[in-house]
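Trainee: Could you take me through one part of this protein up close? I'd like to see how a single spot ties in with what surrounds it.

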Amino acid sequence: MNAPVRRAIEDLARERDRSARPYLEFLRVPSMSAGIYELAAGAEDNQRPHEQDEIYYVVSGRARFKAAGESSSVKPGSVLFVPARVEHRFERIEEDLRVLVVFAPEET
């Protein structure tokens, strides 16, 4: 992919809604991939550790985030980094959660 990608988060959220899956990838190049991840209030986050480093940016919602045995509150504007192969998940999702996710290199 050589062209820039310009997408509104609201458009991505609607596309993710239509897919009926919690994660929608919208970018994939060899150096990274990106997507939007959504979990409803009260939902369970079933993700497993990834083989890539990962950055989360919380767009909306409130929850706890547990990684490597430590837990913290997350809210809109929270930025999280998770190294490859580290156990992590969102817990106690209080408000519908919408998260921008970046994997580097691209998710396999």
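Trainee: Which side chain makes a polar contact with the side chain of H50?

Mentor: That would be Q47: the two side chains make a polar contact at 3.0 Å. Keep in mind that this is a predicted model. As for where we are, H50 sits in the loop between β2 (32–39) and β3. Loop or not, H50 counts as buried, because its relative accessibility is 13% and the cut-off is under 20%. Look past the neighbours within four places in sequence, and you'll find H50 in contact with Y56, A84, R85, H88, F103 and E107.

Pick up Y56 from that list and follow it inwards. The largest nonpolar core has 17 residues, and Y56 is among those that touch the most other members, along with F65, V74, F90, L97 and V99. Two or more residues each come from β2, β3, β5 and β6 (88–104), with β6 giving the largest share, six residues. In general, nonpolar side chains in soluble globular proteins tend to be buried together. For a closer view of one core member, try L97: setting aside residues up to four places away in sequence, its contacts include Y37, L39, V58, A63 and F90.

Now for the surface. I55 lies in strand β3 and is partly exposed, since its relative accessible area of 39% falls between the 20% and 50% cut-offs. I55 joins Y57, V79 and F81 in a nonpolar surface patch with about 400 Å² of accessible area together. The elements giving two or more residues to that patch are β3 (53–67) and β5 (79–82).

Technical notes. Residues are numbered from 1 along each chain as its sequence is written. This is a predicted model: local features need pLDDT of at least 70, side-chain atom pairs count only at pLDDT 80 or more; totals for chains, interfaces and linings use all residues. Side-chain values use heavy atoms; hydrogens and water are left out. Patches are made of residues with over 30% relative accessible area and no salt bridge: like charges are joined within 9 Å, nonpolar side chains (Val, Leu, Ile, Met, Phe, Trp, Tyr) within 5 Å. Accessible areas come from the Shrake-Rupley method with a 1.4 Å probe; for residues, only the protein chains shown count as cover. A salt bridge is a side-chain nitrogen of Lys or Arg within 4 Å of a carboxyl oxygen of Asp or Glu. Helices (H or I, at least four residues) and strands (E, at least two) are DSSP runs, numbered from the N terminus. Buried means under 20% relative accessible area, exposed over 50%, partly exposed in between (1.4 Å probe, protein chains only). A polar contact is a pair of N or O atoms within 3.5 Å; within protein, one must be able to donate a hydrogen and the other to accept it, and residues adjacent in sequence count only if both atoms are side-chain atoms. Contact means heavy atoms within 4.5 Å. A nonpolar core is a set of buried Ala, Val, Leu, Ile, Met, Phe, Trp, Tyr and Cys residues joined through side-chain atoms within 4.5 Å.
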